[in-house]
Amino acid sequence: MLFVYTLLVRFYITGIKIAGLWNAKAKAWSKGRKHLFEDLQNKISENDRVIWFHCASAGELEQAKPLIEILKKEYPIHKVVVSFFSPSGFSAGCHYKMADVITYLPADTRNHARLFMKIVHPELAIFVKYEFWYYHVAAAASNSIPLILVSGIFRKEQIFFRWYGSFFRKILSLFRQLFVQDEPSKQLLLDAGITKVSATGDTRFDRVAGMLEKAESMPAIQQFIGMDPCIVAGSTWKEDEAVLKDFLTDHKVQGMKLILAPHEIQPSRLSEILALFPRAILFSQLTHQGASKTNASVLVMDNFGMLSRLYSYATISYIGGGFNKSGIHNTLEAAVYGHPVFFGPHYKKFKEARDLIACGAAFSFSDIEEFKKNMQRLLHNAKELREAGTASASYVQEQKGCTVKILRYIQENRLLTN
């Protein structure tokens, strides 16, 4: 199986290089790894004490942040190195000041993993949620570097739990401890013979709760909304925008505002959105001319980094991605502010989305008519709107504490020392 795995990785590397001839993301994947080891040698010395986090992409970085920040406080002499698999994750990480070194993860070959481990020489390796690269995990284990997984989530259809999944179960067995989000994940691992596992929750709850405490006001946004009800729609795709367009055209609530933060903001996408919503204005235009001078009812964000704060201004939040196979985007950034949350039908692999629906805080829909029906009900029923919002905020607050549990494990087992 190791031979097959190695062969597949080689094919993947070759395929990415070929795709890079026309695909920007594939090109960035290859280009970012070109001088990877030289860059690491310039940033990490032999005397540095290192904690290594691996994140697949930007979403996993958000899960890592609470733990990174508490470890930086408890172990200030250590450097934090964060590796990413994807270009989007690397781009997001470059703006994160609490990490000392941001790097791509080398392609998973034996020589790459050995060299990476030699240069980085972490005292502790922390993988976030998923991505179990065999050679990197094995290299850490063979160098007696403790490995832990945080905010893991497992489903029975994954390869680990198939009859042919022994190779991938072996990777999991190399971890010192697996901290998973829920009891079903823990039970799946126990049934598969993986016993070093704890159900401690998801660090994202600590992350969004911290964001709530640090939330800053945004006068331009407040002035744009005024006293009107407002939908804040985050990480939207074309299908989401079509639903919102239809609702705004047909809705029976006066003075409704929409703040739209699309998943992609290249000029062509922004032009499509502006054409779809005739009474729309870009955020850059709003700040230039002043919110008091616009008669727009739709505000389109043409920057990144503001979405989590925008949700605080929502009457109802809309989470994009529910009509894509990959599924919805981050619901917790919206839920923490105590507003009802809406999203499309592809949400079932996300535990927090299922939980929010179960407690009456979120609403999924399969088509425009179902969306309209649920939206109109909430917007015309103040009591139901308030109860859904209360359930949303309560759910987030009740799930906090994962980060402290993981820190306690690290300290009690002396995985790090000052």
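Is Val 82 buried or exposed? The numbered points below begin with this residue and then move outward through a model that is predicted.

1. Val 82 is buried, because its relative accessibility is 0% and the limit for a buried residue is under 20% relative accessible area. The residue is located in strand 2. Its contacts, with neighbours up to four places away in sequence set aside, are Phe 53, Cys 55, Leu 61, Ile 68, Ala 99, Val 101, Ile 102 and Thr 103.

2. One of these contacts deserves a separate remark. Val 101 is 19 residues from Val 82 in sequence, and the two C-alpha atoms are 6.3 Å apart in space. The pairing of the strands adds to this picture: strand 2 and strand 3 are joined in the parallel sense over 4 bridges, and the bridge partner of Val 81 in strand 3 is Val 101.

3. Strand 3 also illustrates a general rule. In a regular strand, side chains alternate between the two faces of the sheet. Here Val 101 and Thr 103 point one way, while Ile 102 and Tyr 104 point the other way. All of these residues are buried.

4. Strands 2 and 3 belong to an open sheet of 7 strands, arranged in the order 3-2-1-4-5-6-7 with parallel pairing. Strand 3 (101-104) and strand 7 (197-199) are at the edges; each has a single partner strand, so one side of each lacks a neighbour in the sheet. From one strand to the next, the twist averages 20°. Within this sheet, strand 5 (residues 147-152) pairs with strand 6 (residues 177-180) in the parallel sense over 3 bridges, and Leu 149 stands opposite Leu 178 of strand 6.

5. Which strands does helix 3 touch? Helix 3 (residues 36-43) packs on the sheet against strand 2 (79-84) and strand 3, and its direction makes about 165° with that of strand 3. Helix 4 (residues 58-74) lies across strand 1 (50-55), strand 2, strand 4 (122-128) and strand 5, and runs at about 165° to strand 1.

6. Another open sheet is formed by 7 strands in the order 10-11-9-8-12-13-14, and the pairing is parallel. Its edge strands are strand 10 (280-282) and strand 14 (362-364), each of which pairs on one side only. Neighbouring strands are turned by 20° against each other on average, with direction ignored.

7. In this sheet, strand 8 (residues 230-236) and strand 12 (residues 316-319) pair in the parallel sense over 4 bridges. Ile 231 stands opposite Ile 316 in strand 12. Helix 12 (residues 238-250) lies across strand 8, strand 9 (257-262), strand 11 (298-300) and strand 12, and it runs at about 165° to strand 8.

8. Where does Glu 352 lie? The residue is part of helix 17 (residues 351-358). Glu 352 counts as buried, because its relative accessibility is 5%. Apart from residues up to four places away in sequence, Glu 352 touches Arg 204, Thr 331, Leu 332 and Tyr 395.

9. The last point concerns the surface. Met 1, Phe 3, Val 4, Leu 7, Leu 8 and Phe 11 make a nonpolar surface patch of about 640 Å². Among them, Phe 3 lies in helix 1 (residues 2-19). Phe 3 is exposed because its relative accessible area is 63%, and the limit for an exposed residue is over 50%.

Note on methods: Residues numbered from 1 in each chain as written. Predicted model: local features only at pLDDT ≥ 70, side-chain atom pairs only at ≥ 80, totals over all residues. Heavy atoms only, no water. Pairing = 2+ DSSP bridges. Helix = DSSP H or I, 4+ residues; strand = E, 2+ residues; numbered from the N terminus. Axes fitted to C-alpha atoms, helices over the stretch in contact; angles between N-to-C directions. Contact = heavy atoms within 4.5 Å. Buried < 20%, exposed > 50% of the residue type's maximum accessible area, 1.4 Å probe, protein only. Patch = residues over 30% accessible without salt bridge, like charges linked within 9 Å, V, L, I, M, F, W, Y side chains within 5 Å. Areas by Shrake-Rupley, 256 points an atom, 1.4 Å probe, with all protein chains shown as cover. Salt bridge = Lys/Arg side-chain N within 4 Å of Asp/Glu carboxyl O.
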